[in-house]
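Thanks for sending this one over. Here are my notes, set out as numbered points so that you can follow them with the model open beside you.

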Amino acid sequence: MTINDCLQKLLWAVCVVLPLTIGLPDRAASETYFKFTAVEGMRHNMEGLRLLREVYAAIGVEFSVLYLTPNRSIQEVESGAADGELLRIRQVGHHFTEIVRVEIPVISLPIYAYTNDPQLAGLALDEMGRYRVGYVDGALFAQRMTAKLPDVTPVESPDILFKMLELDRLDIVIAAENPGDTVMQAVGNGRIYKGSKQLRSVEFYHYLNRRHRALVPRIEWILAELKEGRTLVTHSMER
């Protein structure tokens, strides 16, 4: 091939191929996709998920959610294997170095006791010392709430927790209203009763791996805009 032939091919590439390439949409630039984790109990809550989808749509990001055990869910974000965790309580952020918290809470959840004995449905937390109490392992809010009770059992998942209650292996379980209400209906067979009073309310926050910290101010601003003029959304979800 002569030098002239090479020059002609180069000129053809510059004049024809390059403009076509420039005209093609850049998938990496035009579409950003995140992988979030969430604890298994959050699967039943749609309000927090809907609100965060609105937030991320506003900044051009789509995301998927992988439901895991509480400990594994946050560790995936800490290690960088996931981009963020959907929702978790504020105190979680104090125990990890590679995650950043969006400082505006996404939702606030009511926490209830559930029992297999209707006579226990009205107990306050400080009246549960004589009973076997359970919660989902990794739910820091429940761990803190039950810290002074003598007989407390952390359990792997909401389903197992409520099954143990149905089988009389626990007397009381502590859970957010959802999945509490949902699981109670699914596995309780009419033998589980919801407490008559809310024990407390817990705010839940969105977390990101530190590599996305530049997004936090934008996410906070959008969250504030979406919630302007209304009180904090109060729906139900575990942890």
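1. Let me begin with a term: a salt bridge here is a side-chain nitrogen of Lys or Arg within 4 Å of a carboxyl oxygen of Asp or Glu. By that rule, a search of the whole structure gives 11 salt bridges. As general background, side chains of opposite charge can pair when their charged atoms come close.

2. A word on the ground rules. This is a predicted model, in which local features need pLDDT of at least 70 and side-chain atom pairs count only at pLDDT 80 or more, while totals for chains, interfaces and linings use all residues. Residues are numbered from 1 along each chain as its sequence is written, and side-chain values use heavy atoms, with hydrogens and water left out.

3. Now for the salt bridges themselves. Glu85 and Arg88 meet through their side chains at 2.7 Å, N to O, and both residues are buried. (Buried means under 20% relative accessible area, exposed over 50%, and partly exposed in between, with a 1.4 Å probe and protein chains only.) Glu166 bridges to Lys163, with the closest N and O atoms 2.9 Å apart. These two both lie in helix 6, three residues apart, about one turn of the helix. (Helices, H or I with at least four residues, and strands, E with at least two, are DSSP runs numbered from the N terminus.) Glu166 counts as buried because its relative accessible area is 5%, whereas Lys163, at 37%, is partly exposed. Elsewhere, Glu47, Arg50 and Glu54 are joined into one network by salt bridges that share partners.

4. Asp168 deserves a look of its own. This residue sits in the loop between helix 6 and strand 8, and its phi is near 70°, a positive value in a residue other than glycine. Its relative accessibility is 42%, so Asp168 counts as partly exposed. The side chain of Asp168 forms a salt bridge with that of Arg132 (3.5 Å, N to O). That pair links distant parts of the chain, as Arg132 belongs to the loop between strand 5 and strand 6, 36 residues apart from Asp168. Arg132 is partly exposed because its relative accessibility is 27%.

5. Which residues of strand 6 are buried, and on which side? Strand 6 (residues 133-136) is covered on both faces: Val133 and Tyr135 are buried on one side, and Gly134 and Val136 on the other. In general, side chains in a regular strand alternate between the two faces of the sheet.

6. The neighbours of strand 6 are worth following. Strands pair if DSSP finds at least two bridges between them. Strand 6 pairs in the parallel sense with strand 7 (residues 152-155) over four bridges, and Tyr135 stands opposite Pro154 there. Between these strands the chain passes through helix 5 (residues 140-145), in a right-handed β-α-β crossover. (Right-handed means that, with the strands pointing away from the viewer, the path from the first strand over the helix to the second runs clockwise.) Strand 6 also pairs in the parallel sense with strand 8 (residues 172-176), over two bridges, with Val133 opposite Ile172.

7. Turning to the interior, a nonpolar core is a set of buried Ala, Val, Leu, Ile, Met, Phe, Trp, Tyr and Cys residues joined through side-chain atoms within 4.5 Å. The largest has 54 residues, of which Tyr56, Leu86, Phe141, Ile172, Ile174 and Ile219 touch the most other members. A second, separate core of 15 residues includes Leu161, Phe162, Leu170 and Val173.

8. Finally, the rings. Phe, Tyr and Trp rings (the six-membered one for Trp) pair if their centres lie within 6.5 Å; planes under 30 degrees apart count as stacked, over 60 as edge-to-face and the rest as tilted. The structure holds seven aromatic pairs. Phe34 and Tyr56 pair edge-to-face, 6.1 Å centre to centre with 65° between the planes. Phe34 lies in strand 1 (residues 32-39) and Tyr56 in helix 3 (residues 47-58), 22 residues apart, and both are buried. Tyr114 and Phe162 are also edge-to-face, at 5.2 Å and 70°. Tyr114 is in strand 5 (residues 107-115) and Phe162 in helix 6 (residues 158-166), so this pair ties together parts that are 48 residues apart in sequence.
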